[in-house]
Amino acid sequence: MLRLLLIPALLLVSATALARPTIGLVLGGGGARGAAHIGVLEVLQEMRIPIDCVAGTSMGALVAGAYAAGIQPAEMRAELGKANWNDMFIDNPDYSEMDYRNKEMSRRFLPGSETGVGVEKGVQYQGGVVTGQKIKLFFNQLVHADQGERNIESLPIPLSIIATDIGSGNRVVFRNGNLTRAMRASMSVPGLLAPVDDGKRKLVDGGLVDNLPIEEARNRCHPDVIIAVNVGSPLLKPEEIGSMLSVSAQMVNILTEQNVTRSLTHLRDGDILIKPDLTGITATDFQLNGLAADRGHQATQALREQLQRLSVDNNEYFLWWQNIMPAHLPPPKIDEIAVTGLKRVNPDALARHIEQRPGEPMDTERLNRDLLRAYADGYYESIDYEMLSLNDRHILRILPIEKPWGPDYLRLAVHLESTLSNVSNYGLRAGYHSTWLNRLGGQLLVTGEIGSTDAIGLNWYQPLDDRQRMFIEPTASSRRWETSVYERDVKVAQFRASESRAGLLAGLNFGAFGQFRAGWETQRHHTERDIGLPGMPMIDKQYGGWRAALDLDQTDRLYSPTRGWAAHVGYFDSSKAGYSRLEATAQAAGSLGKYVLAGNLRYLGSPRGQLPYYDAGSLGGFLKLSGLAPGQIIGDDIRYAGIRAERIIGRLPLGLRGDMRFGVALETGKVGYRYTEPTYEGWLKSGAIYVGGETPLGMLYLGFGRTSSGSSNVYLVIGAP
């Protein structure tokens, strides 16, 4: 009966389609400026103007793809408005969502320094600052890919999406295939977003070759009228070009504007060109998507008289739109979950992150979060999904792509801390990280460091089960450094110290929550006076003991969290050395708008015996009693508390996580037994003002600290701790 009722309606749509002019819609690229297309679509909907085919490039491809898939302009505006665009261009989830092992790696090495190394492949790099993991998942959610596979050829409106083959420079037109993959390829801004592999081709932003694909729309459905929307970025003025980034942006703009000029020559009499006034909105201002949409709405309203001839009556438009709109179905119940395509990585290692269960309705938001957690393991270039329906069964396929530049990596880190007290610490750290050495995910990490501290290290991390909940960890390390001795704020001596450690630990992982480790460790310590007055005794000792550590971390950032908490408890006990060492730290942060409040507590002492000076703790340094020189007070029974109030004064460019802050810190600390600075008794007070934050090079801070006793320091801190 339903089919019989639909036949007259479809015949009516066909007849009226023949009576009215056919219309092709062209949506050009322009980065964030492309949100103006949504405002254009809103007016076309208000005026009841049906579209017979649509072609889009870059951001225009995103809007065109969503529109062809039946997503209403109001829904597009809402989804783009809800999206966190600063976060969208950062692949990893919040730091709190990362596996603890990867948190450790991020603390020791700069995440952006990862370089693939191998005998056969040589040195390989990631294809862009961003691989596009979150962007692809956002596209999936926008076009409701959780309801089933969205292929271009099955969409109700004929669609063309333009990309560029970066190898040949040729234009690539998607008229079939996976919709969101084509959208992602068309938006791959060179250098920012990694290219999309398409067989032997690598695809990037279509704006390089055809930013306003008028000719493609004309070939797609041979329209009587073309409505073209140009949102391209104008060329920068000479005075605005002052960096490599601005030069690169100008080169892209030149290529784009040249092909747009050519495309505009294909417009005919009767075609309509819409060019919104997007002054003040750049290609990276995604947070201004609402304003851009409003500007598109205004520009289209100004052309109502020209557009009016394309309007149809209510019934005709309703029937057309009903044919476009997808059915609003409840989330499908998942019958099976399959992880496919892995060669090195054990599928169970990825599956441990997936909380979606067979027999439950599809939860897209939860699945996106789980896939981001899995991505943060660091083994994948991307992780996607698709929904297959076979014989009334819904199969959720997880589609990971392993890093082509893995599984062995070179990692780097730099550190510099300089003060007016003539104390400088600097270092360059490198690590060779080999992953998936066996089916359970064994890893080898070899590290070396030169600078104020010279060190080498060897770490084998071996999970004991498929889901990597338990592990063993043999370690060996050796380091050598210089220790300064202070008295009344004056450096009176300097010692050379060295230590070697070897241990075997076993542990438990608590997912992204934290980790517990325990085992036996052997240590050897050696010190000798370098310059200055005699003070510390020379030693050469070797002993072993039991070590245990509990680490919990739910902060959202590596160096400068805006929310969350973290705690660490470490314990070492040696009956041969006659002492035990307990260290406990806790930190928490919260934010309100641009303001961040953070606190830190620390205790280090010896429940049994007394800490020897070569294994004692210290106070002094940036945000460790900032008015003192780094490590100025060495001793036992150390207590510290600090609170910081910060205001975010700027954010890093698109694709980089971090911000710049102005901060004020109040600190207090006490050392029960002191090996240095014997006159500093009781609770010491210090304050600091600083500016800085988290950058691709690690921490970057410039600050001034002063104690209540009058000592002060100016700090410059750069890099990983």
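**Group meeting: a disulfide, two cavities and some buried helices**

I would like to start just after helix α9, where His 222 takes a positive phi of about 45°. Before going further, I should say that this is a predicted model, with a mean pLDDT of 90 over the chain and 95% of the residues at 70 or more. The part to treat with caution is residues 1–17, where pLDDT stays under 50 and for which the model has six contacts beyond four places in sequence.

Let me stay with α9 for a moment, which covers residues 214–221. Its buried residues are Ile 214, Glu 216, Ala 217, Arg 218 and Cys 221, and the last of these, Cys 221, is joined by a disulfide to Cys 53, with an S to S distance of 2.1 Å. This pair links distant parts of the chain, since Cys 53 sits in strand β2, residues 53–57, while Cys 221 belongs to α9, and the two positions lie 168 residues apart in numbering. The structure holds one disulfide, and what is its hand, left or right? The torsion about the S-S bond of Cys 53 and Cys 221 is about -50°, so the disulfide is left-handed. On the strand side, Cys 53 has a relative accessible area of 0%, and is therefore buried.

I turn next to helix α3, residues 59–68, where I would pick out Val 63. With a relative accessible area of 2%, Val 63 is buried, because the cut-off for that class is under 20%. What does Val 63 touch, once residues up to four places away in sequence are set aside? The answer is Leu 27, Gly 34, His 37, Ile 38, Leu 41 and Met 76. As a further reference point, Val 63 and Pro 73 are ten residues apart along the chain, and their C-alpha atoms are separated by 8.8 Å.

A second residue to look at in this way is Asn 140, which is found in helix α7, residues 133–142. Asn 140 counts as buried, at 2% relative accessibility, and, again leaving out residues up to four places away in sequence, Asn 140 touches Ala 145, Thr 180, Asp 384 and Tyr 385. Thr 180 takes us to helix α8, where Thr 180 is buried together with Leu 179, Ala 182, Met 183, Arg 184, Ala 185 and Ser 186. Seven of the eight residues of α8, residues 179–186, are thus buried, so the helix is largely enclosed by the rest of the structure.

That leaves the internal spaces, and here the model holds three cavities of 30 Å³ or more. The largest cavity, with a volume of about 50 Å³, is lined by Asp 99, Arg 101, Asn 102, Arg 352, Asp 377, Tyr 379, Gln 443, Tyr 461 and Gln 468. How many of these lining residues are nonpolar, polar and charged? The lining of the largest cavity divides into two nonpolar, three polar and four charged residues.

The second largest cavity has a volume of about 40 Å³, and its lining is made up of Arg 344, Val 345, Tyr 379, Pro 407, Tyr 409, Thr 435 and Trp 436. In this lining, five residues are nonpolar, one is polar and one is charged. For anyone following on the screen, Tyr 379 is a useful residue to select, as Tyr 379 is listed in the lining of the largest cavity and also in that of the second largest.

Methods
Residues are numbered from 1 along each chain as its sequence is written. This is a predicted model: local features need pLDDT of at least 70, side-chain atom pairs count only at pLDDT 80 or more; totals for chains, interfaces and linings use all residues. Side-chain values use heavy atoms; hydrogens and water are left out. A disulfide is a pair of cysteine sulfur atoms within 2.5 Å. Helices (H or I, at least four residues) and strands (E, at least two) are DSSP runs, numbered from the N terminus. Buried means under 20% relative accessible area, exposed over 50%, partly exposed in between (1.4 Å probe, protein chains only). On a 1 Å grid over the protein atoms alone, a cavity is a set of points where a 1.4 Å probe fits but cannot get out, and a pocket is an open set with protein on both sides within 12 Å along at least five of seven lines; lining residues have an atom within 4 Å of a point. Grid points are joined across faces, edges and corners, and a volume is the space filled by probe spheres set on the points. Ala, Val, Leu, Ile, Met, Phe, Trp, Tyr, Cys and Pro count as nonpolar, Asp, Glu, Lys and Arg as charged, and the others, Gly among them, as polar. pLDDT is the predictor's confidence in each residue, from 0 to 100. Contact means heavy atoms within 4.5 Å.
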